[in-house]
Structure formats: C-alpha cells, structure tokens
Amino acid sequence: MEKIFESEYRFLSILWEHEPVSSPTLVKLCNEQLGWKKSTTYTVIKKLTDKGVVKNEETIVTSLISKEEVDRQESEELLQRTSKGNIPMFLATFLKERKLSKSDIERIRQIVEQAGEEEEA
C-alpha cells in the first residue's frame with residue numbers, strides 16, 4: 001500500500017465513519033470538519049482511488065482498506081523510522097518519560113503475552 005498522508009488520513013477517518021457515502025455528502029462533511037473546498041475533496045478522492053484505497057462508483061465512495069490496516073502500516077513505518085524495527089528499543093524510548101497506570105501496565109502485559117502466543121502457534 002502506498003503511503004497515506006495526514007490529510008488523506010483525516011479524509012479517510014470521515015469516510016470510515018460514514019461509508020458508504022455519496023461524494024456530494026463527503027464534500028459537505030469535509031467542508032464542515034476540515035474546512036476543505038469542493039475541489040480539494042474531489043482531488044483527494046481521485047488520489048486515493050488511484051492508490052487503490054477508495055472506490056468511487058456512481059458517486060458512492062467506499063474504502064477498500066480498513067482503518068486497522070492503515071494504522072498498522074503507519075505503526076510499522078514509525079517503528080522502522082525511529083528504532084529500525086527494534087520493538088524493545090522503541091518501547092523503552094516511548095515509555096521513558098511516561099507514568100503508566102496499573103491498568104495500562106496490565107493491558108500491555110496482555111498484548112505482549114498474546115503476541116508471544118501467536119508466534120508460538
């Protein structure tokens with residue numbers, strides 16, 4: 001999947017919330033929520049259609065990629081850029097100045113255990 005830029009992600013967030021949605025409705029939503037003009041919205045729809053991220057058929061726009069897929073790609077890119085894929089280094093850097101609640105620590109523990117179980121399977 002090609003890189004999704006911040007403005008495209010903001011557009012996609014609106015789309016995911018309302019899809020399937022007509023392009024005129026998207027124009028209205030993007031104007032209200034992002035301050036975009038009609039031409040900007042149609043330009044982003046075209047770019048994302050060309051990237052294979054959205055489909056625009058008979059003025060109905062739907063996503064071809066889920067929010068989870070885009071978020072996973074963005075997270076992987078951040079991990080590679082900041083820590084060269086080294087998860088422990090990334091977590092150490094990310095958590096260095098943070099105070100975690102007991103529930104946050106427990107949730108992170110569960111996530112790590114699940115990831116370990118999936119690898120063993």
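These exercises, each with a worked solution, deal with a predicted model of one protein.

**Exercise 1. The overall plan**

Task: State how many helices and strands the protein has, and give their order.

Solution.
- Step 1. Count the elements. There are 6 helices and 3 strands.
- Step 2. Read from the N terminus on. The order is α-β-α-α-β-β-α-α-α.
- Step 3. Put some residue ranges on this order. Helix H1 covers 6-18, helix H2 covers 23-34 and helix H3 covers 38-50. Strand E1 is 21-22, strand E2 is 54-57 and strand E3 is 60-63. Helix H4 spans 67-83 and helix H5 spans 87-95. Helix H6 takes residues 102-120.

**Exercise 2. Overall dimensions**

Task: Set the radius of gyration of the protein against that of a compact globule of 121 residues.

Solution.
- Step 1. Take the reference. A compact globule of 121 residues would have a radius near 14 Å.
- Step 2. Take the value for this protein. It is 18 Å.
- Step 3. Look at the box. The C-alpha atoms fill roughly 45 × 35 × 25 Å along the principal axes.
- Step 4. Turn to the surface. The protein exposes about 8800 Å², and carbon and sulfur atoms supply 53% of that. Of the 121 residues, 26% count as buried.
- Step 5. Add the charges. The protein has 19 positive and 23 negative charges, and their mean positions are 8 Å apart.

**Exercise 3. The nonpolar core**

Task: Find which residues have the most contacts inside the largest nonpolar core, and which helix gives the largest share of this core.

Solution.
- Step 1. Recall the general trend. In soluble globular proteins, nonpolar side chains tend to be buried together.
- Step 2. Go to the core. The largest one has 19 residues. Those with the most contacts inside it are Phe11, Leu12, Leu15, Leu26, Leu48, Val53 and Val54.
- Step 3. Find the sources. H1, H2 and H3 each supply at least two residues of this core. H1 gives the largest share, with 5 residues.
- Step 4. Follow one member. Leave aside neighbours within four places in sequence. Val54 is then in contact with Leu12, Leu15, Ile45, Leu48, Thr49, Val61, Thr62, Ser63 and Leu64.

**Exercise 4. Buried or partly exposed?**

Task: Decide whether Ile4 and Asn56 are buried or partly exposed, and list their contacts beyond four places in sequence.

Solution.
- Step 1. Use the cut-offs. Buried means under 20% relative accessible area, exposed means over 50%, and partly exposed is in between.
- Step 2. Apply them to Ile4. Its relative accessible area is 2%, so Ile4 is buried. Ile4 sits in the segment before H1.
- Step 3. List the contacts of Ile4. They are Tyr9, Leu12, Leu48, Lys51, Val53, Val70 and Glu74.
- Step 4. Apply the cut-offs to Asn56. Its relative accessibility is 34%, so Asn56 is partly exposed. Asn56 belongs to strand E2.
- Step 5. List the contacts of Asn56. They are Ile45, Thr49 and Val61.

**Exercise 5. Unusual backbone angles**

Task: Describe the backbone at Pro20, Thr59 and Lys84, and locate each residue.

Solution.
- Step 1. Start from the rule. Most residues other than glycine have a negative phi, and most peptide bonds are trans.
- Step 2. Check Pro20. A cis peptide bond joins Glu19 and Pro20, with omega about -10 degrees. Pro20 lies in the loop between H1 and E1.
- Step 3. Check Thr59. Its phi is positive, about 65 degrees, and Thr59 is not a glycine. Thr59 is in the loop between E2 and E3. Its relative accessibility is 45%, so Thr59 counts as partly exposed.
- Step 4. Check Lys84. Its phi is also positive, near 55 degrees. Lys84 is in the loop between H4 and H5. At 75% relative accessibility, Lys84 counts as exposed.

**Exercise 6. Sequence and space**

Task: Give the separations of Phe90 from Leu78 and from Gly116, along the chain and in space.

Solution.
- Step 1. Place the residues. Phe90 is in H5. Gly116 is in H6.
- Step 2. Take Phe90 and Leu78. They are 12 residues apart in sequence, and their C-alpha atoms are 9.3 Å apart.
- Step 3. Look for contact. Phe90 touches Leu78, Leu79, Thr82 and Ser83, not counting residues up to four places away in sequence.
- Step 4. Take Phe90 and Gly116. They are 26 residues apart along the chain, and 17 Å separates their C-alpha atoms.

Note on methods. Residues numbered from 1 in each chain as written. Predicted model: local features only at pLDDT ≥ 70, side-chain atom pairs only at ≥ 80, totals over all residues. Heavy atoms only, no water. Helix = DSSP H or I, 4+ residues; strand = E, 2+ residues; numbered from the N terminus. Rg over C-alpha atoms; globule rule 2.2 N^0.38 Å. Buried < 20%, exposed > 50% of the residue type's maximum accessible area, 1.4 Å probe, protein only. Areas by Shrake-Rupley, 256 points an atom, 1.4 Å probe, with all protein chains shown as cover. Lys, Arg positive; Asp, Glu negative; His and termini not counted. Charge placed at Lys NZ, Arg CZ, Asp CG, Glu CD. Core = buried A, V, L, I, M, F, W, Y, C linked by side-chain atoms within 4.5 Å. Contact = heavy atoms within 4.5 Å.
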